[in-house]
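Q: Please take a close look at the helical part of this structure. I should like to know which contacts its side chains make, and how buried or exposed those side chains are.

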Amino acid sequence: MTGNNFWLKKIEISVSEAEKRTGRNAVNMQETYTAYLIETRSVEHADGQSVLTDSLWRRYSEFELLRNYLLVYYPHVVVPPLPEKRAEFVWHKLSADNMDPDFVERRRVGLENFLLRVASHPVLCRDKIFYSFLTQEGNWKETVNETGFQLKADSRLKALNATFRVKNPDKRFTELRHYSDELQSVISHLLRVRARVADRLYGVYKVHGNYGRVFSEWSAIEKEMGDGLQSAGHHMDVYASSIDDILEDEEHYADQLKEYLFYAEALRAVCRKHELMQYDLETAAQDLAAKKQQCEELATGTVRTFSLKGMTTKLFGQETPEQREARIKVLEEQINEGEQQLKSKNLEGREFVKNAWADIERFKEQKNRDLKEALISYAVMQISMCKKGIQVWTNAKECFSKM
């Protein structure tokens, strides 16, 4: 498996359909959910012909399970986010119901984009669990749970503890965490502004329908001007109804922004893992230093700091030389083991930083390219919308000129 886009070079991946279903959940209660049809088709074959399409159905919760697995097994990777489970940043004509057909369709597109992101990732694309997600319909959950990834997941309490107790945080990851917070804030504000604009734009367009109604009523009482007024009214009606398709297209660009809103959390996940590793490294170094000091005190017979053991010695007498030698021997073994563990953690930490930073740089290039394209496309759409508005009024002007 070589090449960054291994699976995309071998198979085509699509989420082609969404279907509303009813079934029993884990506690045997009836529930309604949406299932998504994943289709994969080979794009190359030994005889040059494409093989038949394979397909299977997955629930959103199974996509979540796949992503949670990827987060645990590839902590240095900025794992692509899933589309929102429930609609956020909606304007008043857009349904917030997660079973709404329009929302389900946008989520279908988002889930397909998630699979394509994973399939094009230089590391994630090679994962066997990901491949089985695309091809193994039965017992897939059992397969992923057998990996034991839940046991390897870091607890939130431990991650929070590491955040506040790390003494020497890596400046690069600290800055990255701050950037992810700011990115999330900026995109959130942008989406809120867009929702407010959509609300007002919808009202402005729809109120043009009043022009159409008035011109139509006016045409009924005019002989020479009637046809021109009726035609102008028709153009106003067309203009008023066009906003529905325009705002539906806008949702596509809003979803592209939302993807990077959720990517911010994926960046923070990498930062949290680094903080945990740094905290474990510092804790191991402190434990090792304490054992070395204890060993030195036993060897020299001097106690530099207060300890329960020192107080016990004063109360109950000194240890025999044999006892002290036995304790020194145990400590030396623990020190040797601790040095090996510290060396291993240092190597693991350096490898994590190297791999994580390489993936972060890859992500930055992807982000810059995607957001640039989305913003340009959005601007082009706005320009096109304005041109159509100008054309409507140009047509109305011609109608008035012929009266």
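A: The expected span of a helix is 1.5 Å times one less than its number of residues. With this yardstick, helix α8 is a convenient starting point in what is a predicted model. Helix α8 covers residues 171-219, 49 residues in total. From its first C-alpha to its last it reaches 72 Å, close to the 72 Å expected. At the start of α8, Asp 170 places a side-chain oxygen within 2.8 Å of the backbone nitrogen of Arg 172.

A contact of this kind also occurs at the start of α4, where a side-chain oxygen of Asp 127 comes to within 2.8 Å of the backbone nitrogen of Ile 129. Within α4, the buried residues are Ile 129, Phe 130, Ser 132, Phe 133 and Leu 134. The loop between α4 and α5 contains Asn 139. Although Asn 139 is not a glycine, it has a positive phi of about 65°. Most residues other than glycine have a negative phi. Asn 139 counts as exposed, at 55% relative accessibility.

Helix α4 also leads to the nonpolar interior. The largest nonpolar core has 30 residues, and those with the most contacts inside it include Phe 133 and Leu 134, together with Ile 38, Phe 63, Leu 66, Leu 70 and Leu 115. Two or more residues of this core come from each of the strands β1 (11-24) and β2 (30-42) and the helices α2 (60-73), α3 (101-120), α4 (128-135) and α5 (140-145). Another core, of 24 residues, lies apart from it, and has among its members Ile 187, Met 277, Ala 356 and Phe 363. In soluble globular proteins, nonpolar side chains tend to be buried together. Leu 115 shows how the elements meet in the core of 30 residues: leaving aside its neighbours within four places in sequence, Leu 115 is in contact with Ile 13, Val 15, Ile 38, Phe 63, Phe 130, Phe 133 and Leu 134.

Charged side chains of α3 take part in salt bridges, of which the whole structure holds 23. Asp 255 pairs with Arg 106, with 3.5 Å between the closest N and O atoms. Because Asp 255 lies in helix α10 (residues 243-300) and Arg 106 in helix α3, this pair ties together parts that are 149 residues apart in sequence. Asp 255 is partly exposed, with a relative accessible area of 23%, whereas Arg 106 counts as buried at 16%.

A second salt bridge joins the side chains of Arg 108 and Glu 112, at 3.9 Å from N to O. These two residues are four places apart in helix α3, and so are separated by about one helical turn. Arg 108 is buried at 14% relative accessibility, while Glu 112 is partly exposed at 22%.

A third pair links α3 to α12. The side chains of Arg 117 and Asp 370 form a salt bridge of 2.7 Å, N to O. Arg 117 belongs to helix α3 and Asp 370 to helix α12, so the pair ties together parts that are 253 residues apart in sequence. Both partners are buried: Arg 117 has a relative accessible area of 15%, and Asp 370 is at 17% relative accessibility. Elsewhere, salt bridges that share partners join Asp 181, Glu 265, Arg 268 and Arg 272 into one network.

Helix α12 (residues 321-401) also contains Asp 359. At 6% relative accessibility, Asp 359 counts as buried, because the cut-off for burial is under 20%. A polar atom of the Asp 359 side chain lies 2.7 Å from the backbone nitrogen of Val 78. Beyond its neighbours within four places in sequence, Asp 359 is in contact with His 76, Val 77, Val 78 and His 121.

Cysteines complete the account. A disulfide is a covalent bond between the sulfur atoms of two cysteines. The number of disulfides in the model is zero. Cys 271 counts as buried at 1% relative accessibility, and Cys 386 as partly exposed at 47%.

Notes:
Residues are numbered from 1 along each chain as its sequence is written. This is a predicted model: local features need pLDDT of at least 70, side-chain atom pairs count only at pLDDT 80 or more; totals for chains, interfaces and linings use all residues. Side-chain values use heavy atoms; hydrogens and water are left out. Buried means under 20% relative accessible area, exposed over 50%, partly exposed in between (1.4 Å probe, protein chains only). A polar contact is a pair of N or O atoms within 3.5 Å; within protein, one must be able to donate a hydrogen and the other to accept it, and residues adjacent in sequence count only if both atoms are side-chain atoms. Contact means heavy atoms within 4.5 Å. A nonpolar core is a set of buried Ala, Val, Leu, Ile, Met, Phe, Trp, Tyr and Cys residues joined through side-chain atoms within 4.5 Å. A salt bridge is a side-chain nitrogen of Lys or Arg within 4 Å of a carboxyl oxygen of Asp or Glu. A disulfide is a pair of cysteine sulfur atoms within 2.5 Å.
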